[in-house]
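Please consider the sequence and the model shown here. What can be said of its sheet and of a helix that packs on it?

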Amino acid sequence: MYLVTGATGSLGKRVVRYLREQQQPVRAFVRLNSRYGDLEQRGAQAFIGDLGHERDIQKACQGVSYVISAHGSNSDGGTAQSIDYRANIDLIDAAKANGIQHFVFISVLGSDRGYDDAPVFKAKRAVEQYLETSGLNYTILRPSGFASSLIPLAERYQQTGLYLLIGDPQTRSSIVSTDDLARIAATAPQIDAAKNIVFAVGGPQALERGEIPKIFQNLFDREPILINPPVLAIDGLRNLLGMFNPELKAALGTLRTLLAHEFYCTSDEVERLQTTFGFQLETLESFLRRYLSV
Ligand SMILES: NC(=O)c1ccc[n+]([C@@H]2O[C@H](COP(=O)([O-])OP(=O)(O)OC[C@H]3O[C@@H](n4cnc5c(N)ncnc54)[C@H](OP(=O)(O)O)[C@@H]3O)[C@@H](O)[C@H]2O)c1
């Protein structure tokens, strides 16, 4: 039995889908208020709980052989401290207590760079270190940005031609197909060469962020109207919001870090992924074409 957390998220639902396509038994950790009907229709068992509650985590791990931790703090409650950090520590402890065979953790590219102003990055690094010394078999995946996050931007572009690019258009990012990442996460427990390894996970191209509107232009045959404020604009917004909501200010530190730095994989890292997992990674354009039917 595979336990997948974050099973209603962009990545988690694809992990569940992939595992079910392979006829694997899956327990999907979901919240009562989330939309999980599709997961059940695919044959996954819905475990209703909250990752903020240790007892739910302990119960969810019973009778499980593999854990894929694909959850993350989002706008619907939960912080980097409670969801990205504490829930994963509780999950690792429960996995150990239940003699789980393999634990897959979704971290983030750059978690080891010491970004001090980015709570999610700090939480991910602390969890990686805890997992590495836990005695469990593990695979740590450090992905760059997900291609699925660009679908709503592409849809807006298709209608308006507008593209908001905050920061330097020349910073590079290896946007990864969310389907490829899901396949890597789902198969890691069965691949010997992925045991106790940390992988940087990115798509096959290190794209400059300014190239993304050009891909949209190709897809939709429409000239971009580029709005390109500097990262300093985020700083101004953070300081303003921070006067009313210090937690939001801290959370925006992660966004600022993402906008201000490069997140790409080297060609050696891409090759290593393709060799270990045995398939060719798809480009951002190919991913978008499949989802947007263009
Ligand atoms: N998106 C990216 O570009 C990116 C890049 C690098 C790394 N990552 C990492 O990849 C992972 C997956 O990201 P994603 O974009 O797929 O996330 P997402 O779409 O925001 O989904 C987050 C998932 O976590 C669940 N969750 C949050 N709080 C919970 C709680 N208290 N109890 C139970 N479930 C809870 C959500 O459930 P609900 O549906 O109930 O809200 C949802 O299923 C995260 O760890 C993220 O940090 C993401």
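The questions below concern the sheet and then one helix.

Reader: On what footing do the numbering and the values rest?
Author: Residues are numbered from 1 along each chain as its sequence is written. The model is predicted: local features need pLDDT of at least 70, side-chain atom pairs count only at pLDDT 80 or more, and totals for chains, interfaces and linings use all residues.

Reader: Which strands stand at the edges of the sheet?
Author: Strands are DSSP runs of E of at least two residues, and helices are runs of H or I of at least four, numbered from the N terminus. Two strands pair if DSSP finds at least two bridges between them. The open sheet has seven strands in the order S3-S2-S1-S4-S5-S6-S9, with parallel pairing. Each edge strand has a single partner, so one side is left without a neighbour in the sheet; these strands are S3 (45-48) and S9 (197-201).

Reader: Which residue in S3 stands opposite Val30?
Author: Strand S2 (residues 26-30) pairs with S3 in the parallel sense over four bridges. Opposite Val30 in S3 stands Ile48.

Reader: How far apart are the end C-alpha atoms of H4, and why does this agree with its length?
Author: The expected span is 1.5 Å times one less than the number of residues. Helix H4 (residues 80-97) has 18 residues and should therefore span 26 Å, which agrees with an end-to-end C-alpha distance of 24 Å.

Reader: Where is the kink in H4 centred?
Author: The bend at a residue is the angle between axes fitted to the seven residues ending there and the seven starting there. In H4 the kink is about 30 degrees, and its centre is Arg86.
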